[in-house]
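Okay, thanks everyone. I'd like to talk through the disulfides and the aromatic contacts in this one, so let's put it up on the screen.

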Amino acid sequence: MRFFLLTVFLLIWIPTGVALAQDYPWCSTMDDIFAVVVEDDLVLHHDLATYNCCPDPFTFSVTVSNDSLYVIEREVLTMPCHCLCCFNLSTTVEGLAPGEWHVVYSWFDDEPRGWRDWHLTVNLGPSGPTGPVMVATQE
């Protein structure tokens, strides 16, 4: 009788656990990368980024090469905890010349456990009475 009850319990419990894991609203597949111009600065946003819930400050490295801008977002962990959370991150790039910029934004994605690149083309217009003009498109 004990064997039968244990078997019934496992058959009921295992599918429920799988369904709960699939229904959890993970944000890692919904990363939203976009760019905004504020005065003469380019502000790059990474909303719904999935990282450990206990990070040290995030770091961003920026490299400029001709008309290309390479941004690498990194999570720094000194004492990680056992959970994942969603973050809305941003970094500001100053001093870019007007013109078309090819932006490659890279980050380590928890799913599929690898580096991802997001490509944007940003047109920075010269500052004028109405401010800079910016158009960002995903490639």
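Quick bit of vocabulary to start: partly exposed means a relative accessible area between the buried limit, under 20%, and the exposed one, over 50%. Cys 83, at 32%, is therefore partly exposed. And keep in mind that this is a predicted model.

So, how many disulfides does the structure hold? Two. One of them joins Cys 53 to Cys 85, with S to S at 1.9 Å. The torsion about that S-S bond is about 95°, so it's right-handed. Cys 53 sits in the loop between strand 2 and strand 3 while Cys 85 is in strand 5, so this bond ties together parts that are 32 residues apart in sequence. Cys 85 comes out partly exposed, at 27%.

Then there's Cys 54 to Cys 81, S to S 2.1 Å. That link is right-handed too, with 105° about the S-S bond. Here the loop between strand 2 and strand 3 is connected to the loop between strand 4 and strand 5, 27 residues apart.

Now the rings. The whole structure has four aromatic pairs. Take Phe 58 and Phe 87: centres 5.2 Å apart, planes at 70°, so edge-to-face. Those two are 29 residues apart, with Phe 87 in strand 5. Buried or exposed, what's Phe 58? Buried, because its relative accessibility is 18%. Add Tyr 51 to Phe 58 and Phe 87, and you've got one aromatic cluster.

Another pair is Phe 108 with Trp 115: 5.9 Å between centres and planes at 80°, so edge-to-face. Phe 108 is partly exposed at 30%, and Trp 115 is partly exposed at 49%.

Key: Residues numbered from 1 in each chain as written. Predicted model: local features only at pLDDT ≥ 70, side-chain atom pairs only at ≥ 80, totals over all residues. Heavy atoms only, no water. Phe/Tyr/Trp six-rings, centres within 6.5 Å; stacked < 30°, edge-to-face > 60°. Helix = DSSP H or I, 4+ residues; strand = E, 2+ residues; numbered from the N terminus. Buried < 20%, exposed > 50% of the residue type's maximum accessible area, 1.4 Å probe, protein only. Disulfide = S-S within 2.5 Å.
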